[in-house]
Every structure is written in structure tokens, then in C-alpha cells.
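Colleague: I'd like a close look at one part of this protein, and then how that part fits into the rest. Here is what I have on screen.

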Amino acid sequence: MDIQERARGVMLGLACGDALGAPVEFMSKTEIAARYPDGMRDFTHGGWMNVVEGELTDDSRMAIDLAEVLARPGDPDMDALGASFVAWVAEGPKDVGNTTKLAIDHLAAGVPWSKAGYLALETRGERGASSNGSLMRTAPVAIRYRNDPGALIDVSRNTSLITHAEERCQWSCVALNQGIAYLLGGGLLDGLVEAAVQGIPVSSVVETVRNAPQANATSLSGTGFALNGLAVAFWSVMTTTSLEDAISAAVMIGDDTDTNAAIAGSLGGAFYGASALPDRWLAQLHQPDRLVSLADQLARLGES
């Protein structure tokens with residue numbers, strides 16, 4: 001499997017997870033299981049955001065904005081990323097996370113990108129600001145910097161702290177991207193955990209990744225905490241045997257379903273590749289050509 005196939009799997013897997021989970025976001029795992037006793041397998045419509053089949057939400061949109069900045073040669077233009085986020089919120093999207101919105105409001109008021117997330121953290125506190133809003137969008141970093149471990153760490157952290165400066169958010173992004181980069185290089189699942197946690201100084205992030213493969217659907221939480229999203233992603237990919245199964249399993253955990261499935265889809269997509277996604281999903285997914293183009297651009301830049 002070549003890098004293009006895997007990179008496309010990351011971007012399309014993220015978006016498919018977002019689209020599959022969006023109609024049932026904030027439903028409990030019990031409610032979802034009652035509605036979909038055989039698992040949620042097909043795109044549908046409705047939910048609190050009243051989405052249509054295959055519609056993308058904030059998870060994919062912010063990942064696309066990040067990917068477009070990273071697809072430009074040279075170091076990431078963090079001011080341009082901040083401007084993209086500000087422009088997106090000005091459009092009036094259906095969903096913006098609380099910490100994300102607060103940080104972007106600071107950006108819109110002229111606060112530098114390096115301080116906006118810290119101001120949001122100061123306002124919301126560690127508990128309120130340790131949400132999954134940077135983890136859901138971080139995967140493009142892994143494609144672009146898969147061959148530069150130091151840059152992968154730095155860019156993962158910087159592109160988190162622009163909105164989510166809390167250290168568990170930053171280092172969860174690093175862990176996810178180190179795992180994705182390992183899989184993009186053809187790594188096997190039995191080495192994924194060690195690759196993901198290499199050099200991570202935050203014990204709670206390391207423990208979350210290490211414990212994920214032994215978890216079960218009953219013990220996992222789908223609420224919007226960064227470590228929950230990290231656990232669901234590694235658990236779903238490492239305890240299933242297909243990309244569709246991994247994404248569906250993440251949705252069935254409930255609560256922040258679109259984000260958890262988007263994170264799982266990005267990780268699983270690096271292992272299985274884009275061709276593993278169901279044709280029926282890709283036929284309904286919004287903006288697939290844009291996602292593929294960005295994946296290809298990042299993959300080419302990542303060769304150097």
C-alpha cells in the first residue's frame with residue numbers, strides 16, 4: 001500500500017467518521033444501541049444539528065483548514081491558520097466547541113495565536129479546557145511531518161495550543177500523530193502503542209494509550225474529554241478488523257460520536273487505506289475531492 005493510499009485513508013477516514021457520527025451526537029451508547037442494534041453502519045440524517053447524509057461538521061472543517069495551511073511549502077503559517085478559524089466561525093457553523101469558540105474569539109480580537117488558547121484555558125480551567133477540539137483536527141500534521149519526528153511534535157503541539165493549550169490536549173495530539181505516522185510508514189498494529197507514546201512526558205496520555213487495547217465498550221466514555229477521544233480511537237482500531245468496524249465501534253460508544261469516530265477514522269485510515277472505506281459512504285460523503293487533493297499534497301510534501 002503506497003503512501004498516497006494511506007494518506008487519503010487518513011483524511012477520508014476522519015471525514016467519514018464525522019459524517020457517520022454526526023446524526024447521533026450526544027445520544028448515549030444505550031440510546032444508539034437501541035436504535036441500531038446491529039451497529040450504526042450507514043450515513044443518515046437528522047440529529048440536533050439536522051445534518052443531511054454525508055454532511056461534514058466542525059471536525060472535518062477544522063481539519064481541512066489545518067491541512068490547507070500545512071499544504072503550503074515552508075513552516076506552518078500559524079497566523080493564517082488563526083485567520084481561517086476566525087473566518088469559519090464568522091460563517092455561523094452549526095457546531096463550535098466551547099473552548100474552541102472562546103479561543104477563536106480571542107483571535108478575532110487580535111490576540112496572537114500563541115496566546116489565544118492559553119487565555120481560553122485560563123477562563124475555563126484545566127477541566128473545562130481539556131476537550132477534544134484539537135485532537136479531532138490534528139491528523140493532517142502526521143501526513144505532512146511523518147518523516148520529521150521533531151517537527152511532528154512541535155507542529156502537533158502548536159496547532160493544538162492555538163485553541164487547546166492544556167497539556168493533555170497538546171500531548172494527545174502528539175500521541176495520535178505519532179501513531180498515524182507509524183502506520184503511514186507501514187507499521188503493524190502490534191507496535192502501534194509504543195510508537196504513539198514514544199517520548200510523551202504526560203503520564204495520563206501514556207496510560208490512556210497503553211490501556212486502550214484492553215478496554216471494552218462498557219468501560220469507555222464518549223464524552224468530549226481529549227483522553228476519552230484518544231482512548232476510543234486506539235481501542236476501536238486495535239480491537240476490530242476493518243476500517244468500517246473501527247469507525248462504527250467508535251460511534252457506538254455514544255456522546256461525542258462524530259468527534260470520536262473522526263479521530264478513530266484518521267488513525268484507522270492510516271492502517272487500512274482509503275480503499276477500505278465502504279463505497280456507499282464515499283458516494284454520499286461531502287467534499288471527497290477536496291479531502292483527497294489535500295491528502296495528496298501533504299503526502300508529497302512529507303517525502304522530504
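Leaving aside its neighbours within four places in sequence, which residues is Ser-156 in contact with? Please take it from there and work outwards.

Modeller: Happy to, and bear in mind that this is a predicted model. Setting aside residues within four places in sequence, Ser-156 is in contact with Thr-138, Val-141, Ala-151, Cys-173, Val-174 and Asn-177. You'll find Ser-156 in helix H8, which covers residues 149-161. Its relative accessibility is 0%, so Ser-156 counts as buried.

Now for the polar side of Ser-156. A polar atom of its side chain lies 2.6 Å from the backbone oxygen of Leu-152. The Ser-156 side chain also makes a polar contact with the side chain of Asn-177, at 2.9 Å.

Cys-173, one of the contacts of Ser-156, deserves a word, since you may be wondering about disulfides. Cys-173 is buried, with a relative accessible area of 1%. The closest cysteine sulfur to its own is in Cys-169, 7.2 Å away, and that is too far for a bond because a disulfide needs the two sulfurs within 2.5 Å. Searching the whole structure turns up zero disulfides. Elsewhere in the chain, Cys-16 counts as buried too, at 0% relative accessibility.

Next stop, helix H9, which spans residues 167-184 and holds Ile-180. With 0% relative accessibility, Ile-180 counts as buried. Not counting residues up to four places away in sequence, Ile-180 touches Val-10, Ala-139, Ala-142, Ser-266, Leu-267 and Ala-270. If you want a sense of distance, take Ala-116: Ile-180 is 64 residues from Ala-116 in sequence, and their C-alpha atoms are 27 Å apart in space.

Ile-180 also leads us to the largest nonpolar core, a set of 101 residues in which Ile-180, Phe-234, Leu-267 and Leu-285 have the most contacts. Follow Leu-267 and, with neighbours within four places left out, you get contacts with Leu-176, Gly-179, Ile-180, Leu-183, Leu-192, Ala-233, Phe-234 and Val-237. Two of the other residues named for that core, Ile-180 and Phe-234, are in this list.

Helix H13 is another part to look at. It runs over residues 243-251 and is mostly covered, with eight of its nine residues buried. Among them are Leu-243, Glu-244, Ile-247 and Val-251. The buried residues of H13 pack against helices H1 (3-21), H2 (29-35), H12 (226-238), H14 (257-272) and H15 (279-284). At the N-terminal end, Ser-242 caps H13, with a side-chain oxygen 3.0 Å from the backbone nitrogen of Asp-245.

Zooming out, the protein chain has 16 helices and zero strands. Buried residues account for 60% of its 304 residues. A compact globule of 304 residues would have a radius of gyration near 19 Å, so the 17 Å of this chain agrees with that. Along the principal axes, the C-alpha atoms fill a box of roughly 50 × 40 × 40 Å. Of the contacts between residues at least 6 apart in sequence, 73% join residues at least 24 apart. As for the outside, the accessible surface is about 11,400 Å², and carbon and sulfur atoms make up 49% of it.

How values were computed: Residues numbered from 1 in each chain as written. Predicted model: local features only at pLDDT ≥ 70, side-chain atom pairs only at ≥ 80, totals over all residues. Heavy atoms only, no water. Core = buried A, V, L, I, M, F, W, Y, C linked by side-chain atoms within 4.5 Å. Buried < 20%, exposed > 50% of the residue type's maximum accessible area, 1.4 Å probe, protein only. Contact = heavy atoms within 4.5 Å. Helix = DSSP H or I, 4+ residues; strand = E, 2+ residues; numbered from the N terminus. Polar contact = N/O pair within 3.5 Å; in protein donor to acceptor, adjacent residues only side chain to side chain. Rg over C-alpha atoms; globule rule 2.2 N^0.38 Å. Areas by Shrake-Rupley, 256 points an atom, 1.4 Å probe, with all protein chains shown as cover.
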